[in-house]
Amino acid sequence: MNKKQCLYKEINRHLCEDTAPEEYLNSLQEPVFESEYPFTMLSKLKDIQQSPKHHPEGNVWNHTMLVVGEAAKRRDQSSNTRAFMWAALLHDIGKSVTTRERKGKITAYDHDKAGVGMTRDFLKCFIEDDIFIEKVAVMVRWHMQILYVVKALPYADIPNMKREVNVQDIALLGLCDRMGRVGANLKKEEDNIRTFLKRTK
């Protein structure tokens, strides 16, 4: 087993077993994590800034760590703990290729769609379980639907989402995503999730 495979197994273990896996991830000092593909798909997130209005916690990595922490509190409610935790870690991986500054605002349009192929590429470096890989990839693909559905935006696609993914899992991931930012309001976000679930019945 090479260093990259060992690191993948360690990350997987911490994601699935730790009460606060973000502590391990934030403490990672492995050169392979910072410099070797596919881990660079994650480490690059430390350099990707976000809108301070929506993400006062700063870069995408900071946000992702908060989301992973929230997910660890709720992973037992998911239909597949391992897939859920990897989706939490990889959900915004697409921001590294979609983030732009437009008219003074930082955006990452379609990062959910871009993240699908990146998620598959990342996981295929370590495992051959296509069913598991697809479970994670589709959660990354649909994680923004909570926002789209609740705000009745034209990007909402409830029929296709329901065909591809467990809506309860997406709701749970969406709650973690919304709570994974500084100043998040739990009651407000739980209300949004209830609205999402009601509209996707």
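In this predicted model, helices H5 (residues 60–74) and H12 run past each other with axes that come within 8 Å and cross at roughly 135°. That angle makes H5 oblique to H12, given that under 35 degrees counts as roughly parallel, over 145 as roughly antiparallel, 65 to 115 as roughly perpendicular and the rest as oblique. The axes here are lines fitted to C-alpha atoms, for helices over the stretch in contact, with angles running from 0 to 180 degrees between N-to-C directions. Helices (H or I, at least four residues) are DSSP runs, numbered from the N terminus. The crossing of H5 over H12 is right-handed, a label used if the near helix is turned clockwise from the far one by less than a right angle.

A word on the ground rules: residues are numbered from 1 along each chain as its sequence is written. Because the model is predicted, local features need pLDDT of at least 70 and side-chain atom pairs count only at pLDDT 80 or more, while totals for chains, interfaces and linings use all residues, and side-chain values use heavy atoms, with hydrogens and water left out.

Back at the first pair of helices, H5 brings His-63, Val-67, Glu-70, Ala-71 and Arg-74 up against Leu-172, Leu-175, Cys-176, Asp-177 and Met-179 of H12, where contact means heavy atoms within 4.5 Å. Sorted by type, the residues of this contact are six nonpolar, one polar and three charged. For that sorting, Ala, Val, Leu, Ile, Met, Phe, Trp, Tyr, Cys and Pro count as nonpolar, Asp, Glu, Lys and Arg as charged, and the others, Gly among them, as polar. Glu-70 and Arg-74 also turn up, along with Lys-73, in a network of salt bridges.

H12 has another partner in H13. The axes of H12 and H13 come within 10 Å and cross at roughly 155°, so the two helices are roughly antiparallel. This crossing is right-handed as well. On the H12 side the contact is made by Val-167, Gln-168, Ile-170, Ala-171, Gly-174, Leu-175, Arg-178 and Met-179, and on the H13 side by Leu-186, Glu-189, Glu-190, Ile-193, Phe-196 and Leu-197. The tally is nine nonpolar residues, two polar and three charged.

A salt bridge also joins this pair of helices: the side chains of Glu-189 and Arg-178 meet at 3.4 Å, N to O. Glu-189 sits in H13 (residues 186–199) and Arg-178 in H12 (residues 167–179), so the bridge ties together parts that are eleven residues apart in sequence. Glu-189 is buried at 5% relative accessibility, whereas Arg-178, at 27%, is partly exposed. Buried means under 20% relative accessible area, exposed over 50%, and partly exposed in between (1.4 Å probe, protein chains only).

Other salt bridges stay inside one helix. In H13, Asp-191 and Arg-194 meet at 2.4 Å, N to O; the two are three residues apart, or about one helical turn. Asp-191 is partly exposed, at 29%. In H1 (residues 3–17), Arg-13 and Glu-10 are likewise three residues apart, and their side chains form a salt bridge at 2.9 Å, N to O. Both ends are partly exposed, Arg-13 at 34% and Glu-10 at 31%. The full count is twelve salt bridges, each being a side-chain nitrogen of Lys or Arg within 4 Å of a carboxyl oxygen of Asp or Glu.
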